[in-house]
Amino acid sequence: MSNAKSVRLRILRALLYLLTAPGFLGWLFPILAMATYAAKSPRMLPGLVLAAEWRPWAAKLWKWSTTFGRGVVLHPERSEATIRHELVHVAQFEDRILLAFFVALVLATVLPVSWALGAWISGLAWMAPNFLSAVLRGGHVYYDAEHEEAAYARTLRIIPDDVGKTFDEVLDAREKKL
């Protein structure tokens, strides 16, 4: 990569971090999980994502890796595909927070700045309705949520048994194995 391209990418990444700053509130998720002894082993993932790992007792209660903003708590038995899946969710949070930033700019023209700031921060919650939408469409609360389908689609490893099946058939077969 050329030096000019590298500088350009660093500037763009810094701008993204600035415009999606509420995403750093997600760091509180793994920090609180570690403070309550539910998680351990903090580390940074690409994109200034703070990650930790569920302790075995917590992993028995909550069997999933989970992302909130730029904070991730990983299941101890995760794969590299799981980490890539969670990083897709970080990008999805960035998209929603960036949208919330522009909504906040518009609101700031007619409402107090504190309301606009609240709108910007609320971008962290803008994926939550996907779970309800999935249920209202008659689907599974987790597997049929649009942000989960997108994350699985971007990270799903195709194995020989998957060839010739639709994406939904692949997910259904894997869900039955859980």
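A residue is taken as buried when its relative accessible area is under 20%. By this criterion, six of the six residues of strand S2 (residues 49–54) are buried in the predicted model, so S2 is largely enclosed by the rest of the structure.

Strand S2 belongs to an open sheet of four strands, arranged in the order S1-S2-S4-S3 with mixed pairing. The edges of this sheet are formed by S1 and S3 (66–68), each of which pairs on one side only. On average, and with direction ignored, neighbouring strands of the sheet are turned by 20° against each other.

The two pairings of S2 run in opposite senses: S2 is antiparallel to strand S1 (residues 39–45) and parallel to strand S4 (residues 71–74). The antiparallel pairing with S1 comprises five bridges. Within this pairing, lysine 40 has glutamate 53 in S2 as its bridge partner, and arginine 43 stands opposite alanine 51 in S2. S1 and S2 form a hairpin with three residues between the strands, in which glycine 47 adopts a positive phi near 85°. The parallel pairing of S2 with S4 extends over four bridges; here alanine 52 is partnered by valine 73 in S4.

Helix H4 (residues 80–107) packs on the sheet and touches S1, S2, S3 and S4. The direction of H4 makes about 20° with that of S3.

Helix H4 is also in contact with helix H1 (residues 3–19). The axes of the two helices come within 9 Å and cross at roughly 65°, which makes H1 roughly perpendicular to H4. On the H1 side, the contact involves Arg13, Leu16 and Leu19; these residues meet Glu94, Ile97, Leu98 and Phe101 in H4. Of the residues in this contact, five are nonpolar and two are charged, with no polar residue present.

Helix H1 itself has 17 residues and reaches 24 Å from its first C-alpha to its last, close to the 24 Å expected at 1.5 Å a residue. Ser6, Tyr17 and Leu19 are buried in H1. The buried residues of H1 pack against H4 and helix H5 (113–121). Leu19 is thus listed both among the buried residues of H1 and among the H1 residues that meet H4.

Terms used
Residues numbered from 1 in each chain as written. Predicted model: local features only at pLDDT ≥ 70, side-chain atom pairs only at ≥ 80, totals over all residues. Heavy atoms only, no water. Axes fitted to C-alpha atoms, helices over the stretch in contact; angles between N-to-C directions. Parallel < 35°, antiparallel > 145°, perpendicular 65-115°, else oblique. Contact = heavy atoms within 4.5 Å. Nonpolar A, V, L, I, M, F, W, Y, C, P; charged D, E, K, R; others polar. Expected span 1.5 Å × (residues − 1). Buried < 20%, exposed > 50% of the residue type's maximum accessible area, 1.4 Å probe, protein only. Pairing = 2+ DSSP bridges.
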